[in-house]
Amino acid sequence: MELERYLRPNLLPRYQGQQERLLRAKVGLIGVGGMGGLCALLLGTAGVGQLRLADGDEVALHNLHRQLLFTNEDVGSAKALCATSAVRAHVDPEVTVVPYLGLIGPDNFASWAQGLDVVIDASDDAQSRLTVSELCLEAHVPLMSAAVSGYQALFALFDYADPDFVARHGCYRCLTGGVAIDTKVGITGPSAACASSLCAHQVLEWLLGSRELVGSVLSLDLSRYTLTRLELCADPHCPVCRAGAC
């Protein structure tokens with residue numbers, strides 16, 4: 001690896017001597033728009049060895065104020081391909097970036113997620129989020145759920161690879177109760193960028209061994225400049241994880 005590239009992060013104790021560990025890591029991102037796109041770039045430039053970028057949408061003009069991987073020339077093109085090209089232009093040659101054009105669901109999740117260390121769901125579809133969580137739960141793949149809307153962002157890492165996690169903290173549906181999170185409201189570029197950076201930071205810390213935020217929800221409110229940490233709680237009546245899916 002081009003170790004000079006990582007000189008500054010390696011001045012931090014948690015990162016010292018860990019570049020090979022990050023190079024072995026595999027992360028899947030669902031949604032590479034305002035949240036997922038910059039997050040993918042930050043993970044790639046940190047040296048995460050493989051990124052799988054899934055998105056079924058095309059770049060639209062109204063995306064450009066916050067979806068920083070895309071340019072005017074990308075309008076009308078597949079987001080997954082444009083994001084892959086943009087990330088590849090910035091990263092170590094040993095980092096692999098693989099595009100996936102389409103939705104991730106029951107028919108393709110197993111092949112797409114095989115070998116992943118964590119899935120980041122940064123999509124803007126409520127039903128898809130519930131489905132992806134159930135698929136991660138069944139496959140015992142850790143899930144970082146990240147959403148930004150208006151001035152608010154929510155993050156929670158569900159360590160479904162830990163057999164005790166669900167009993168202690170529940171699943172994504174326990175958190176939402178099945179109620180949709182509205183991500184199709186007003187938003188600024190800085191809000192999306194702040195949320196993306198915080199998501200990427202949490203995932204990198206987790207890949208390097210920190211379990212500080214496992215079992216927690218982080219709530220970012222940029223209208224009040226607050227970052228609140230709450231505890232995840234299992235819902236004893238959840239039809240997903242209480243019904244034996246875990």
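This passage walks through the overall build of one protein chain and then visits a helix and several single residues.

The structure described here is a predicted model. Its secondary structure comes to 8 helices and 8 strands. The C-alpha atoms of the protein chain fill a box of roughly 50 × 40 × 40 Å along the principal axes. For a chain of 246 residues, a compact globule would have a radius of gyration near 18 Å, and the 17 Å found for this chain agrees with that. Of the 246 residues, 52% count as buried. Contacts across the sequence are also a feature of the fold: among those between residues at least 6 apart in sequence, 65% join residues at least 24 apart.

The outside of the protein chain can be described in a similar way. About 11,500 Å² is exposed, and carbon and sulfur atoms supply 54% of that area. The chain carries 18 positive and 26 negative side chains, with the centres of the two sets lying 4 Å apart.

Helix α2, which spans residues 36–45, offers a good place to look inside. This helix is mostly covered, with 8 of its 10 residues buried. The buried residues are Gly 36, Gly 37, Leu 38, Cys 39, Ala 40, Leu 41, Leu 43 and Gly 44. Their cover includes strands β1 (26–30), β2 and β4 (118–121), together with helices α3 and α8. After α2 comes Gly 47, whose phi is positive, near 100°.

One residue of α8 shows how that helix meets this part of the chain. Ser 196 sits in helix α8, which covers residues 189–207. With a relative accessibility of 0%, Ser 196 counts as buried. Leaving out residues up to four places away in sequence, Ser 196 touches Gly 34, Met 35, Leu 38, Cys 39 and Leu 42. Of these partners, Leu 38 and Cys 39 are themselves among the buried residues of α2.

Strand β2, another part of the cover over α2, runs through residues 50–55 and includes Gln 50. The relative accessibility of Gln 50 is 17%, so this residue counts as buried. The side chain of Gln 50 joins that of Arg 52 in a polar contact of 2.5 Å. Beyond its neighbours within four places in sequence, Gln 50 is in contact with Ala 25, Lys 26, Val 27 and Thr 96.

The picture changes at Leu 61, which is found in the loop between β2 and α3 (79–88). Leu 61 is exposed, with a relative accessible area of 62%. Even so, Leu 61 has contacts outside its neighbours within four places in sequence, namely with Asn 72 and Val 75. Leu 61 and Gly 178 are 117 residues apart in sequence, and their C-alpha atoms are 31 Å apart in space.

Gly 178 also appears in the surroundings of Thr 176. A polar atom of the Thr 176 side chain lies 3.1 Å from the backbone nitrogen of Gly 178. Thr 176 itself belongs to helix α7, made up of residues 172–176. Its relative accessibility is 14%, and Thr 176 therefore counts as buried. Between the C-alpha atoms of Thr 176 and Val 97, which are 79 residues apart along the chain, the separation is 31 Å.

Key. Residues are numbered from 1 along each chain as its sequence is written. This is a predicted model: local features need pLDDT of at least 70, side-chain atom pairs count only at pLDDT 80 or more; totals for chains, interfaces and linings use all residues. Side-chain values use heavy atoms; hydrogens and water are left out. Helices (H or I, at least four residues) and strands (E, at least two) are DSSP runs, numbered from the N terminus. The radius of gyration is taken over C-alpha atoms; the globule rule is 2.2 Å times the number of residues to the power 0.38. Buried means under 20% relative accessible area, exposed over 50%, partly exposed in between (1.4 Å probe, protein chains only). Contact means heavy atoms within 4.5 Å. Accessible areas come from the Shrake-Rupley method with a 1.4 Å probe; for residues, only the protein chains shown count as cover. Lys and Arg count as positive and Asp and Glu as negative; His and the chain ends are not counted. The place of a charge is taken as NZ of Lys, CZ of Arg, CG of Asp or CD of Glu. A polar contact is a pair of N or O atoms within 3.5 Å; within protein, one must be able to donate a hydrogen and the other to accept it, and residues adjacent in sequence count only if both atoms are side-chain atoms.
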